[in-house]
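User: I am new to this kind of description. Please go through the structure below and say how each term is decided.

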Amino acid sequence: MQAVANDKPSAAIDYTQYPDAHGRFGDYGGSYVAETLMAPLAELTENYLRLRRDPAFIAELDHDLKHYVGRPSPIYHAQRLSKKVGGAQILLKREDLNHTGAHKINNTVGQALIARHMGKTRIIAETGAGQHGVASATVAARLGLECVVYMGATDIERQKINVYRMKLLGAQVVPVTSGSKTLKDALNEALRDWVTNVADTFYIIGTVAGPHPYPLMVRDFNAVVGREARAQMLAEYGKLPDALVACVGGGSNAIGLFHAFLNDANVAIIGAEAAGLGLATGHHAASLAAGRPGVLHGNRTYVLCDDHGQITETHSVSAGLDYPGVGPEHAFLKDSGRASYVGVTDDEALAAFHELALTEGILAALESSHAVAQGIKLAREMGKDKLILVNLSGRGDKDVHTIAAREGLSL
Amino acid sequence: MNRLDARFAQLQAARRKALIPFVTAGDPSPDAMVPLLHALVEAGADLIELGVPFSDPMADGPVIQHANERALARGIGLTQIFNWIGEFRQTDAQTPIVLMGYLNPVEIYGYARFAHDAVAAGVDGVLLVDCPLEEAQTAQALDAAGLRRIFLSAPTTSAARLAALCEAARGFLYHVAFAGITGANRLSLGAVRERVAAIKARTPIPVAVGFGVRDAASAAAIAQFADAVVIGSALVETLAGAHTPDAACMAAREFLAPIRAALDAGARAHAA
């Protein structure tokens, strides 16, 4: 017993213990919102903490994940891609195969069930790429709830197909024209709606940011990705992967994959942020790689802001990564050294998009293409017997127009 | 004695209600700022709330959002704001100034540095919209420097939280009249009256009411039971059209004069 205890570093962090009762992940997280929202957040926290231990709720959620979302999603060995890269084996966790085409549905199914348990009749959501908006409109339609989605005017322009999908699903899409007209402004507007309509409205935040309990709740609902993947790796490969890679905007697909592996010290964890035109150009969305601790959208985390504390406009080819903050748990994982966060440029992501399409017949979302690009980079540095698990968080159909436009084509 | 506490003591002795105009620092123009602060006082302001512009004002409606955007487009930041307040203080040592804003600009400026520079400039209180009681330790340096932390209460605030807020409140407690954003028009007097009575049953601290107060009539109605009335969006909207400092000062005087008169008439009627 003594020997075993000595093998473990005494300062090892048990990552499953976070956040604390106030929603803090070390120095990050918390509830930095106006007074009016403190009561609805407390009500939500109380309901969620009860439901997450309620066997009937868990059974209901599991049933929906299996029969509506289509879980479990497979792990696919990208053999042609791996061979071409010539290094470690690249495995893809296929969240793109979920209903609605991305990991976002894992969270919205869960939050919609909570909304129904709380008797709320109206769903609001913010969206960047439109994946979370579609996933929210989807669950609202299924439960017969009114749905309003806030979306930056710039994002509406570059994600027209998803805007139309939301409308087909019965949601109202409200263009947001303030600020930079992207995801952060959509989040501001959704918060303004919520503060105005707290009595009947449930706000489904799409990422692991926002005030407590959202970073916890959205993490929990996406953690099914990592739980499944961990069991699949042991069953199908007889071992855990050597490294995990996921793209990080707000960070929900990444924390979803990472969480079940956080206490597996031998599994390297890498988040790929949007480096846009390059970190040195200032035109990027890499809050962890190039930002600093601050307070935005209800939590303390890494943010991109100027020396006056003003949040700066971000740039990424992928609307879903175009966010100047990041979930507080990622900020905590960065500081603790458990995960590392690196930038992947627009060009690198696009190259990876094409590489995956041509070698494996998979169109990845531009967001997920950042993770694929990082997976390829990493594979080159590792031996052929090593396994890299990349979260393929969404499919790329929504991005076909954006890619065509960059290549000078009009469809 | 902190200017805020002194001012409320004077007002209570005189049985007057406080008029608290809100303006966004740097709007309608940087040149107008110091003359505008003096004009607000001449027109009857007892305290001034000065908004620190922020890129993501989550609790604000379109009027104050746009004022923030205009100010930021001119590069207005805390250093500039402290300079204006210092200049204002050269000829007005009495009127309390409360800075109202969001946490991130203060966080990046540094809490201790902010507290020092704010006190040096002549700031008396600070209202950080996105820093509720639970996170108040974040900005402890402000309390230590003698700045009054102004907390909000809202219609959604539970009885237990209200008790804690009354306990923690310094300077005054700012009651948000309705669940919503600044500038909306959802004022329900009965509910506000009830809530202010609940606060007053718990604490002797002055209660200010804001959100949805647009004119003399709504201000006078609120002042029947509250100690202070905050007027923001309606004033900011009025000032937005003023293209010179003189025009801004004149617009501010014209806007505030009837409100001041209504508050004073109400107080006289109450006394009689």
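User: Which residues in H6(A) and H8(A) meet?

Analyst: Gln131(A), Gly133(A), Val134(A) and Ala137(A) in H6(A) meet Asn162(A), Arg165(A) and Met166(A) in H8(A); contact means heavy atoms within 4.5 Å. The model is predicted, with pLDDT of at least 70 needed for local features and 80 or more for side-chain atom pairs, while totals for chains, interfaces and linings use all residues. Residues count from 1 along each chain as written, chains are lettered from A and ligands numbered from 1 in the order written, and side-chain values use heavy atoms, without hydrogens and water.

User: What classes do the residues of that contact fall into?

Analyst: Three are nonpolar, three are polar and one is charged. Ala, Val, Leu, Ile, Met, Phe, Trp, Tyr, Cys and Pro count as nonpolar, Asp, Glu, Lys and Arg as charged, and the others, Gly among them, as polar.

User: Why are H6(A) and H8(A) called roughly parallel?

Analyst: The axes of H6 (residues 131–143) and H8 (residues 160–168) of chain A cross at roughly 10° and come within 9 Å. Angles under 35 degrees count as roughly parallel. H6(A) and H8(A) are therefore roughly parallel to each other.

User: What makes S7 and S8 of chain A edge strands?

Analyst: In chain A, an open sheet of four strands runs in the order S7-S6-S5-S8, with parallel pairing. Strand S7 (172–176) and strand S8 (201–204) each pair on one side only. Two strands pair if DSSP finds at least two bridges between them. S6 (residues 146–152) and S7 of chain A have five bridges, in the parallel sense, so by the rule of at least two they pair. Val149(A) has Val173(A) in S7(A) as its bridge partner. From one strand to the next, the twist averages 25°.

User: Which strands does H6(A) touch?

Analyst: H6(A) packs on the sheet and touches S5 (122–127), S6 and S8 of chain A. The direction of H6(A) makes about 165° with that of S5(A).

User: What makes an empty space a cavity?

Analyst: A cavity is a set of points on a 1 Å grid where a 1.4 Å probe fits but cannot get out. There are nine cavities of 30 Å³ or more. The largest cavity has a volume of about 320 Å³. Of its 29 lining residues, the closest to the centre are His103(A), Lys104(A), Ser252(A), Gly320(A) and Glu367(A); a lining residue has an atom within 4 Å of a point. Its lining has six nonpolar, 18 polar and five charged residues. S5, H6, H12 (252–258) and H16 (366–381) of chain A each supply at least two of them.

User: What is the volume of the second largest cavity?

Analyst: The second largest cavity has a volume of about 220 Å³. Phe22(B), Asp60(B), Ile64(B), Thr182(B) and Gly232(B) are the closest to its centre among 24 lining residues. The lining of the second largest cavity has 12 nonpolar, nine polar and three charged residues.

User: What makes a space a pocket instead?

Analyst: A pocket is an open set with protein on both sides within 12 Å along at least five of seven lines. The largest pocket has a volume of about 350 Å³. Of its 15 lining residues, the closest to the centre are Arg15(B), Arg16(B), Lys17(B), Ala223(B) and His270(B). H12(B) gives the largest share of that lining, six residues. The lining of the largest pocket has seven nonpolar, four polar and four charged residues.

Technical notes
Axes fitted to C-alpha atoms, helices over the stretch in contact; angles between N-to-C directions. Parallel < 35°, antiparallel > 145°, perpendicular 65-115°, else oblique. Points joined across faces, edges and corners; volume = space filled by probe spheres on them.
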